[in-house]
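Let's take a walk through this structure together. Have your viewer ready, and we will go from strands to ligand.

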Amino acid sequence: MAFNHKNLIDITEYSAEDIMTILQTAQSFKAVNERRVKKVPTLKGYTVVNMFNEPSTRTKSSFELAEKRLSCDTMAFGGTSTSTVKGESLVDTVKTLCSYKIDCIVVRDKHAGAPYKIAQTSGLPVIDAGDGKHQHPTQALLDLYSIWEAKGTLEGLHVGIVGDINHSRVCGSLIPALKIMGATVTVIAPNTLLPARPDILGADYVTANLDEALPELDVVYMLRIQMERIEDAPFPSLREYSLLYGLNKDREKLMRPDTIICHPGPINRGVELDSYMADHSTRSKILDQVYAGILTRMAVLYLLLGGNDGANS
Ligand code: CP
């Protein structure tokens, strides 16, 4: 197995073979997560810093669990409890952390490009846990894993990505990752939630009409409206947005019987998904995606840090 990456910052640096190696490694970690003692000694002695400078539930908790299940020492760091509030720069902060002889930095930051700066400053493996509107590569990997597990393949699938394309770092990684793996991608959004040049994302098709697109799709990937990143109202009201782009029981009738629904979380309930679609529809893979977060993050840590004791040892 050739896996020659130091960082995971830009998913477009990974080939289909690299991504499949991650998915297969993640699958091998499933056995560890389903036994009573959910721990292997693979990365014993490694220290990983989780630098979260923006809020997170899923990414932060699953990285921490993934590290613990691989026997890493972990340190949670970031936000308003650090000396950055006194004016310390990102570079000085990283140099300080590196003095502790750490081995890897996982970073979430509101500034696109922060992971590159940290990689350059530290010389250590860096994993992007979401940077500004740029990318969220481990989210793309867990999404691919969940779709691969549900459908048995990625190649040839037609995936529709619905909603706030413009503000979504999930799209920044997921669209290129799906294209690398041979899927067809349609983005579905009002013009006001598209970037000025939708073609730069690499999607095959762009449409504003969800109802026309739904019967064509194998996977419907719903995005959250990113209220915290929106300055000017892109639609008259959330109610109107939900009427045109929300998934509910009525709209489900337009889907094929085997079409699945994904969402990166957190959900704006009643906006992009109603509670029936989120919780009760057998199409929903949302909690499978959450679980895949541990598996794929274990795989990424294992492959980047060069653990060689075997996934199930
Ligand atoms: N999908 C995702 O990144 O969720 P969190 O913001 O809770 O980590």
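**Two sheets and a ligand**

Met51 stands opposite Phe77 in strand 2. This is a predicted model, in which local features need pLDDT of at least 70 and side-chain atom pairs count only at pLDDT 80 or more, while totals for chains, interfaces and linings use all residues. Residues are numbered from 1 along each chain as its sequence is written, and side-chain values use heavy atoms, leaving out hydrogens and water.

The Met51 and Phe77 match belongs to a parallel pairing of strand 1 (residues 47-52) with strand 2 over five bridges. Strands here are DSSP runs of E with at least two residues, helices are runs of H or I with at least four, and both are numbered from the N terminus. Two strands pair if DSSP finds at least two bridges between them. In general, strands of a sheet pair through backbone hydrogen bonds, either parallel or antiparallel.

Zooming out, four strands make an open sheet with parallel pairing, in the order 2-1-3-4. Its edges are strand 2 (73-77) and strand 4 (126-131), each pairing on one side only. From one strand to the next, the twist averages 10° (axes are lines fitted to C-alpha atoms, and angles run from 0 to 180 degrees between N-to-C directions). Just before strand 2, look at the loop that follows helix 3 (58-69), where Ser71 is placed. Ser71 has a positive phi of about 70°, although it is not a glycine.

Next comes an open sheet of five strands, in the order 7-6-5-8-9 and again with parallel pairing. Strand 7 (205-207) and strand 9 are the edge strands, each pairing on one side only. Here the twist averages 20° from one strand to the next. Strand 5 (residues 158-162) and strand 8 (residues 219-222) run parallel over four bridges, and Val159 stands opposite Val219 in strand 8.

Which residues are around the ligand? Among them are Ser56, Thr57, Arg108, His136, Gln139 and Gly265, each with a heavy atom within 4 Å of the ligand. Polar contacts (pairs of N or O atoms within 3.5 Å) add detail. A backbone N or O atom of Thr57 lies 2.8 Å from a ligand oxygen atom, and a polar side-chain atom of His136 lies 2.9 Å from an oxygen atom of the ligand. For Gln139, a side-chain N or O atom is 3.0 Å from a ligand nitrogen atom.

Finally, Gly265 leads into a cis peptide bond to Pro266, with omega near -5°. Pro266 has its place in the loop between strand 9 (260-262) and helix 11 (275-280).

Technical notes
Polar contact = N/O pair within 3.5 Å; in protein donor to acceptor, adjacent residues only side chain to side chain.
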